[in-house]
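Biologist: Please give me a close look at one part of this model: its strand pairing. I would like to know who sits opposite whom.

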Amino acid sequence: MARRKWDPRQFVLNTLKRKSYMLPAISAALDKARRGFGLYECVECRQVVARKNLEKDHEPPVIPITGWDDYNGVIERWLGERSEIRVMCKPCHKAKSKRENAARRQSRKRAK
Ligand SMILES: [Zn+2]
């Protein structure tokens, strides 16, 4: 298996993600979205889905549209102390990430 290039930013993001279940803001978001045993409502399409089809979304996004700012900003947004954490079904979260990535590419182009 080819080893990926060492990327400290990706390392921090992956490590934070793995511990996300420990965040009080995430438990709160899950409680808010719960519609039955193991069932949650997506904030975007309002569909009720099982836990395994659910993803967490940060608003504003952890990585700003204008690109990575610094570790402090990324970690603060991830902790959700000043941002909102919501739950979305996988297709909605994928679509949102796609929109954000497109906006990031646009923003990079403008910066050049
Ligand atoms: Zn949805």
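Modeller: Happily! Two strands pair if DSSP finds at least two bridges between them, a strand being a DSSP run of E with at least two residues, numbered from the N terminus. The model is predicted, with local features needing pLDDT of at least 70, side-chain atom pairs counting only at pLDDT 80 or more, and totals for chains, interfaces and linings using all residues. Residue numbers start from 1 along each chain as its sequence is written.

Let's start with the open sheet, where three strands pair in the antiparallel sense in the order β1-β2-β3. At its edges are β1 (34–36) and β3 (48–50), each pairing on one side only. From one strand to the next, the twist averages 45 degrees, taken between the N-to-C directions of lines fitted to C-alpha atoms, on a scale from 0 to 180 degrees. Within this sheet, β2 (residues 39–41) is joined to β3 by three antiparallel bridges. Here you will find E41 standing opposite V48 of β3.

Further along the chain, β4 (residues 54–59) pairs with β5 over six bridges, again in the antiparallel sense. In this pairing D57 has R86 of β5 as its bridge partner. As for the surroundings of β5 (residues 84–89), five of its six residues are buried, so the strand is largely enclosed by the rest of the structure. Buried here means that 20 or more other C-beta atoms, placed from the backbone, lie within 10 Å of the residue's own; 12 or fewer would make it exposed, and anything in between partly exposed.

How values were computed:
Helices (H or I, at least four residues) and strands (E, at least two) are DSSP runs, numbered from the N terminus.
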